[in-house]
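Visitor: I'm new here, and I'd like to learn what the labels really mean. Could you show me around?

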There are 2 protein chains.
Amino acid sequence: MTRPRGTDRRETIVQAAFEVIAERGYRGSSLGAVAERVGLTQQGVMHYFPSKEQLLMAVLERRDQWDLMGFSRSEDSSSLGAAHLQQLVEYNATRPGSVQAYTVLAADSVTEGHPARPFFQERYTRVRAWVADLMERQEGELPSGLTAEQLAPIVIAVIDGLQLQWLLDPDEVDMPESFRDFLAVLGIKV
Amino acid sequence: MTRPRGTDRRETIVQAAFEVIAERGYRGSSLGAVAERVGLTQQGVMHYFPSKEQLLMAVLERRDQWDLMGFSRSEDSSSLGAAHLQQLVEYNATRPGSVQAYTVLAADSVTEGHPARPFFQERYTRVRAWVADLMERQEGELPSGLTAEQLAPIVIAVIDGLQLQWLLDPDEVDMPESFRDFLAVLGIKV
C-alpha cells in the first residue's frame, strides 16, 4: 500500500472515496471504509476531510472534471453539436465505475436533507443550458419542431436513463447504439 | 398510533418501510426506523419480516402493483399506445413520494451485491417488452424509422431520466409537458 504525501494523498483519498461510493452508495459509505482502502487511519483521512460530507463534495467536484463539462472543454469547440454528445456516451461506456457512482449519487441526492442535493440541482440547471446550446449549434433546423430549450431535458433524460438500464444489464442494452438511435429520431445522423 | 392486526399490520409495515426508504434510501433505512414509524418494537416488525431484505422485496412488489404494469392492467386495452404512457407520466407527477422511492432504489440496485438488483434487472427486461408492445400498437407507422424494440429502451430512459430532473427541480422541469414534447418528436400527438 503506497502512502503518498500532501496533494497526492488527498488525491488518493478522493479516488478511494469515489470507489467506495460507487460500490455502496453514499449512505452505505464511511470514512473508516475509505481509510482502510488507502491504508490510513480514520484520523488520517479526517486530517484532509474532517467530515463525510466534505469528502463527498470533493468526490463530486473531481468527477465533474472528467465529465460532461470537462469533456466539452477538452474538445475543439468547432466540433460541438449532437456528435459531441454521442462521443460523450461512448466515452461513458468505457468507464462503468464512474457512471455507477454518478447514477447512485444523483438518485440518492433526492432523499431528504441529502448534502449533495444543491450540487445536483445546480448541476442539472447548468447542463440543461449547455445541452440547449449544443442543440442550437446543430447544423440545420432541429427537425422535431421543438426548441433547443425543450429538447435539452429530454436529451439529458435519455443519457441518464440509458445509463441505468446499461448498468443493470450491459448485455441487453447497448448504450451507445441506443443513443445513436435516439439522435436518429431527432433526425440527426452521427 | 393505530396498531392494526394480521394482514392490515403487514400492510402498515410495508407502507411505513416504503416511506422510510423514499426518505433515506435503502442503505440508510433500518428495521428499527420502520418499527418506530408504526409504533411497534423491532421484534414486532421482524415477526412479519425477519430481515431488511425481505421487507425490501415486499416494498418492491407492492409498489409494482401501483405502477407501470398495474396501471396498464387497470385500463381498457383498446386505449393502449403512446397515450397510455402519457397518462402514466401524468399519474406519476401526482405522487412524488412513490417516484422518489423508485428512483433511489433502482439506482441503488446497481451497487455491489444489492439484494434488489435481480428484481430491477428482470423488471426492466419485462418493461422494455411491454413498451415495445405498446409502440407496436401505436396507430400508423412509427415515424422515426426505428423498430418498436429499438424505441423501447429510449422511451423508458426518457421516463426515468425526467423523473430524476423533476424530483430535483419541480419548478424548472415540467415532467408531463416534457414527455409530451418527446412524443411529439416521435411524431405522436397525445
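Visitor: What makes Glu19(A) and Arg37(A) a salt bridge?

Guide: The rule asks for a side-chain nitrogen of Lys or Arg within 4 Å of a carboxyl oxygen of Asp or Glu. Here the closest N and O atoms are 3.3 Å apart, so the pair fits the definition. Glu19(A) sits in helix H1 (residues 6–24) and Arg37(A) in helix H2 (residues 31–38), so parts 18 residues apart in sequence get tied together. Helices here are DSSP runs (H or I, at least four residues), numbered from the N terminus.

By the way, this is a predicted model: local features need pLDDT of at least 70, side-chain atom pairs count only at pLDDT 80 or more, and totals for chains, interfaces and linings use all residues. Residues are numbered from 1 along each chain as its sequence is written, chains are lettered from A and ligands numbered from 1 in the order written, and side-chain values use heavy atoms, leaving out hydrogens and water.

Visitor: Why is Glu19(A) called partly exposed?

Guide: Buried means under 20% relative accessible area and exposed over 50%, with partly exposed in between (1.4 Å probe, protein chains only). Glu19(A) has 32%, so it lands in the middle class. Arg37(A), at 28%, counts as partly exposed too.

Visitor: What makes Arg62(B) and Glu11(B) a salt bridge?

Guide: Their closest N and O atoms are 2.5 Å apart, so they pass the cut-off as well. Arg62(B) lies in helix H4 (residues 52–66) of chain B and Glu11(B) in helix H1 (residues 6–24) of chain B, so the pair joins parts 51 residues apart in sequence.

Key. Helices (H or I, at least four residues) and strands (E, at least two) are DSSP runs, numbered from the N terminus.
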